[in-house]
Amino acid sequence: MAESPALKRKCEEKEEENGSAASQNEEPAPGNFPLAELSVMKVLRESAREKTIFLHGRVNGASGDKADAVVILEKIPFQEENITELLKKHTGLQLQVSNDIYSTYHLFLPPELNEIKTTVVYPATEKHLQKYLSRSVYLIQETGEDYKTITLPFIESQSISIQWVYNILEKKAEADRIVYENPDPIDGFVLIPDFKWNQKQLE
């Protein structure tokens, strides 16, 4: 059975701590990590769902030698006690898409409310780089019977308006976001980016 994302992340964080300690034993890096001097060599892995990205970078040492590093950037969860402050102190709210009762905005926050958890493995070995590379994913197939008896009844029980779908089909909203359209009256369809995709990440 596959590990849950939360359990997998806890295991990775434990390994990160152990890996960082091992790296420091190999070659201690005094002071703060020179993040501004990091040259990004490769994106090892990223997850839009978990809002994390794993980077392979290199830093020029004092002697001119280059040392590898793994830098993990992760958006931290919202803090309930900061929500009111977050809404009041935002520096900008830009509308991206509006369709029926649904809208998507870009909310810009001041630095103190826009923290990114940064985990560093430095100096990193080849084993560290291999560890954080993209891993295989698994696809669970759903039978037609499963869809009819499990998925479809659940969808129908939600009673959520799909007016936004008709708005797209009738080009009343998001017409400029249509990627492809097949006008066939029977098998036709419209292809449009999901709201959750920022249209920048290709994988």
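Where is the place of Pro123? In this predicted model, Pro123 lies in the loop between β6 (116-121) and α3 (126-131). The peptide bond that joins Tyr122 and Pro123 is cis. Its omega is about -5 degrees.

The chain as a whole contains five helices and eight strands. Along the sequence, these elements follow the pattern α-β-β-β-α-β-β-β-α-α-α-β-β. The chain has 203 residues, and 21% of them are buried. About 15600 Å² of the chain is exposed. Carbon and sulfur atoms supply 55% of that area. Contacts were also examined by separation in sequence. Among those between residues at least 6 apart, 49% join residues at least 24 apart.

Four of the strands form an open sheet. Their order is β1-β2-β3-β6, and the pairing is antiparallel. Strands β1 and β6 are the edges, and each pairs on one side only. On average, neighbouring strands of the sheet are turned by 25 degrees against each other, with direction ignored. Strand β3 covers residues 66-75 and is joined to β6 by six bridges. These two strands run antiparallel. One of the residues involved is Lys75, whose bridge partner in β6 is Ile116. Strand β6 spans 116-121 and is followed by the loop that holds Pro123.

Another loop of the sheet region lies between β1 (39-47) and β2 (52-60). Lys51 is placed in this loop. Its phi is near 55 degrees, a positive value in a residue other than glycine.

A positive phi is also found at Lys171, where the angle is near 60 degrees. Lys171, too, is a residue other than glycine. It belongs to the loop between α5 (163-169) and β7 (180-182). Arg177 is found in the loop between α5 and β7 as well. The two residues can be set side by side in terms of exposure. Lys171 has a relative accessible area of 42% and is therefore partly exposed, as its value falls between the limits of 20% and 50%. Arg177 has a relative accessible area of 13%, so it is buried, the limit being under 20%. The side chain of Arg177 also makes a polar contact with the side chain of Glu174. The distance of this contact is 2.6 Å.

Beyond this loop, the chain continues into its last strands. The pattern along the sequence ends in β-β. Strand β7 takes in residues 180-182, and strand β8 takes in residues 189-191. Phe189 is placed in β8. Is Phe189 buried or partly exposed? With a relative accessible area of 41%, Phe189 is partly exposed, because that value lies between 20% and 50%. Phe189 touches Tyr180, Glu181 and Asn182, leaving aside residues up to four places away in sequence. Strand β7 spans 180-182, so the residues touched by Phe189 carry the numbers of that strand. Phe189 can also be related to Leu169. These residues are 20 apart along the chain, and their C-alpha atoms are separated by 8.5 Å. Helix α5 covers residues 163-169.

Technical notes:
Residues numbered from 1 in each chain as written. Predicted model: local features only at pLDDT ≥ 70, side-chain atom pairs only at ≥ 80, totals over all residues. Heavy atoms only, no water. Buried < 20%, exposed > 50% of the residue type's maximum accessible area, 1.4 Å probe, protein only. Contact = heavy atoms within 4.5 Å. Areas by Shrake-Rupley, 256 points an atom, 1.4 Å probe, with all protein chains shown as cover. Polar contact = N/O pair within 3.5 Å; in protein donor to acceptor, adjacent residues only side chain to side chain. Pairing = 2+ DSSP bridges. Axes fitted to C-alpha atoms, helices over the stretch in contact; angles between N-to-C directions.
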